[in-house]
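Please find below a colleague's note for someone meeting this structure for the first time. The points go from the domains to a single residue, then to the contact between chains and to the sheets.

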Amino acid sequence: MTVHRLASDGGAPAPRRPAARTTKAEFLARIRGEMAKTRGLFPASPAERPTQPRQRLDLLRRELSERCPQTLARFRSEFERVAGVFHRVASASDVPAELERICHERAARRLIAWPAEELGVAIAPALSAAGIAVESMPHDRPPDAERRRLRALIAEADLGVTGADLAVAETGTLVLVSAAGRPRTTSLLPPCHVAVFDRTALVESLEQVGLVLEAWHDGPAPPERGAAINFITGPSRTADIELTLTRGVHGPKEIHAIFVDGGLGLHG
Amino acid sequence: MSEPIVTTPLRERASNALRDRFLHEALDIATTKFIALRREAFGDFPQGEALRDRARAIKEATLQRLDAHLETLVANVERVGGHVHFATTAEEARRIILDIARRTGARMAVKSKSMATEEIHLNDALEAIGVTPVETDLGEYIIQLAHERPSHIIAPAIHKTKGQVAELFSRELHRPGLAADPEVLTKIAREELREKFLQADLGITGANFAVAETGTVVLVTNEGNGRMTTSLPRVHVAVMGVEKVIPSMTDLAVFLAILAKSATGQKLSVYTTLVQGPRRPGELEGPDEFHLVLLDNGRIAQIAGPLRESLYCLRCGACLNVCPVYRQIGGHAYGYTYPGPIGILLTAMLNGPASVKDLAHASSLCGACADACPVRIDIPKMLIELRRQVDEERIAPWPERVVFKAFARILAHPVLYRLGARIGRTLQRPFVRDGRIRALPSFFGQWTRTRDLPPVAARTFQERWRDRS
């Protein structure tokens, strides 16, 4: 059957015959037809999903807070195993100084960052005073010209500073949810990525990440939530030329994580 | 029928590969390393075996309700503002993607490594309408510049030396005199491809998984090109085989725990990217449009077919690394998009059993592939099934069929078997040297050309058993 084609932007109709397109109904019907022919299947079920993921997650968080020191130690060792650089500071107010040190070691002058509300700490004043330009990402989508300016800025930045929604001890992974004010490119385009996190982000295993993901998707998404969730396990790497491990092929060459003992939060 | 027909016979392709000394060495180093890394990763992970069983069960359970899961996936992708397309054939998939490219006025497409787009030969089709496809996985980029095809599912350019890559980059990228140093070459690729990422209108990816309950497409990469491709261009098209759907995020966690361990021995690949439709209002980056192309191309027919289990495949490449045949001849000798043991099954699925009449025999049936497979696909069983099919459909040459039919009869009847053994003992006499048959005349010489054969024993087991009592 012939299906409506999407309108072409380019004025004159294309000199092609409209070709038949498989519809969803046809496609699924064929699958059902084949499924009906299957014989002798063994019973199998997918992984059992938590029925009330949000409540389960609250429970897990309480349990995790008791094992926090061990979880952090494991995270640190796995993060370092994948070539991450781990830092630890006493309180949020120590974060700018730590960032300044990282910048100075790399002669980094241009820094892009999530805004203070998203990071849970204001870094711009202290760093600007130290002569490091900090551009905070906007909280809503600006007009195209400003977007182009920002993208160029992100692409040229020496360092990108983000928070982290999860820090997974089993694998040394940071999980970042994109959103307004948290563009996905902050942790991707600059050659060095620094993530700031505290104990609330720590989980032990990928299995627990499964529960968190279920909870995040339970019910309608909050309106400010973005469309991408990125798991980051060490710096960008490749071994495509003679299996020689090389870092920073497309993403950052370096990744740092700053753990804040006293916790993040602008009013905390 | 989606693939160009390979012109040289398998035997010739394999012989050429065997004569390539560098290829041989590279394959040996790469596969040995991958095997060790994989073993180490699972050694450190006591729950690995149980998770493999669970992953297998999830794949089977998903297939048993594939229609429902796909329907859920489609509904959820559309709910978050994505478009879903249904492609019965490779040709239809290409047509869908070309239409998107034309409608959006795309000039350049960046591609994250994807076996599905290799399978449908998308690049040539894009070029034909004036859209420049750029492969962005370093290995894929190398082979695209060299006008070759990937030779390994996860390490597409393992057949190339750093010297060859340096020469290739110097020539194709107009940067003469590049050092044969992976660090330098990777840096060059970063610069070249960064430009392309920032210019491209279209980002094309495959999908390692698609989570039905949330409408999320999951991409796993080490380089970050998957993230670039889904963050920078204004349109993102993901192409995936229908079998890639999984029910929930809980299932995803199971697969993530075993996929990278099986592929590269990492606990997790560097980047796992979960994309749910186009960018949301307020998001600075991310595509304006998101399209998901669901690809059949022979898969649906196998839901009730003999190759059903190959629909579990995660494309991790573990079966290639352990296969004694792959390790000798490499990926190109297989002649199609998907190499290695699983590749034979996938080739049969995409192109019909006739396409693997020789390939079905490119296996010693040793079972290493089934042991290595994270979802325990019984590849040898299906290879045997394919051989049977090739025989039944009279695809194999007739002398071969006659000989094997006779052989099967003899083996099935005790009287014939004993008679055969006696005749064989007499007939083999002129050919036995030092206890082996090393050369047979005429037609049978095919067998002994590259291997020898144990002779029929002077006395059969049954004869010895009788004498003993």
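1. The domain bounds used here come from an automatic or database domain assignment. On that basis chain B is divided into domain 1 (1–44 + 314–396), domain 2 (45–244 + 268–295) and domain 3 (401–468). The reader should keep in mind that this is a predicted model. Between domain 2 of chain B and domain 3 of chain B, the C-alpha centres are separated by 52 Å.

2. A useful residue to locate is B:S269, which sits in the loop between α12 (249–263) and β9 of chain B. Is B:S269 buried or exposed? With 26 other C-beta atoms within 10 Å, B:S269 is buried, because 20 or more such atoms are needed for that label. Once its neighbours within four places in sequence are set aside, B:S269 is in contact with B:V220, B:T221, B:N222 and B:A260, and also with A:T233 of the other chain. By contrast, B:R468 lies 61 Å from B:S269, C-alpha to C-alpha, with their positions 199 residues apart in sequence.

3. The contact between the two chains involves 70 residues of chain A and 83 residues of chain B. On the side of chain A that touches chain B, at least two residues each are supplied by α1 (24–37), α7 (144–156), β6 (173–179), α8 (206–216), β9 (225–232) and β10 (237–238) of chain A. Of these, α1(A) gives the most, with nine residues. In character, the residues on this side of chain A divide into 29 nonpolar, 22 polar and 19 charged.

4. Strand pairing also crosses from one chain to the other, since β9(A) is joined by five bridges to strand β9 (residues 271–275) of chain B, and the two strands run antiparallel. Within this pairing, A:A228 has B:V275 in β9(B) as its bridge partner.

5. Chain A also holds an open sheet of six strands, in the order β1-β12-β7-β4-β2-β3, with parallel pairing. Which strands stand at the edges? They are β1 (85–89) and β3 (133–136) of chain A, and each has a single partner strand, so one side of each is left without a neighbour in the sheet. On average, and with direction ignored, neighbouring strands of this sheet are turned by 20° against each other.

6. One pair from this sheet can be followed in detail: strand β4 (residues 159–163) and strand β7 (residues 192–197) of chain A run parallel and are joined by four bridges. Here A:G160 stands opposite A:H193 in β7(A).

Definitions and conventions. Residues numbered from 1 in each chain as written. Chains lettered and ligands numbered in written order. Predicted model: local features only at pLDDT ≥ 70, side-chain atom pairs only at ≥ 80, totals over all residues. Contact = placed C-beta atoms within 7 Å. Nonpolar A, V, L, I, M, F, W, Y, C, P; charged D, E, K, R; others polar. Pairing = 2+ DSSP bridges. Axes fitted to C-alpha atoms, helices over the stretch in contact; angles between N-to-C directions. Buried ≥ 20, exposed ≤ 12 C-beta atoms within 10 Å, placed from the backbone.
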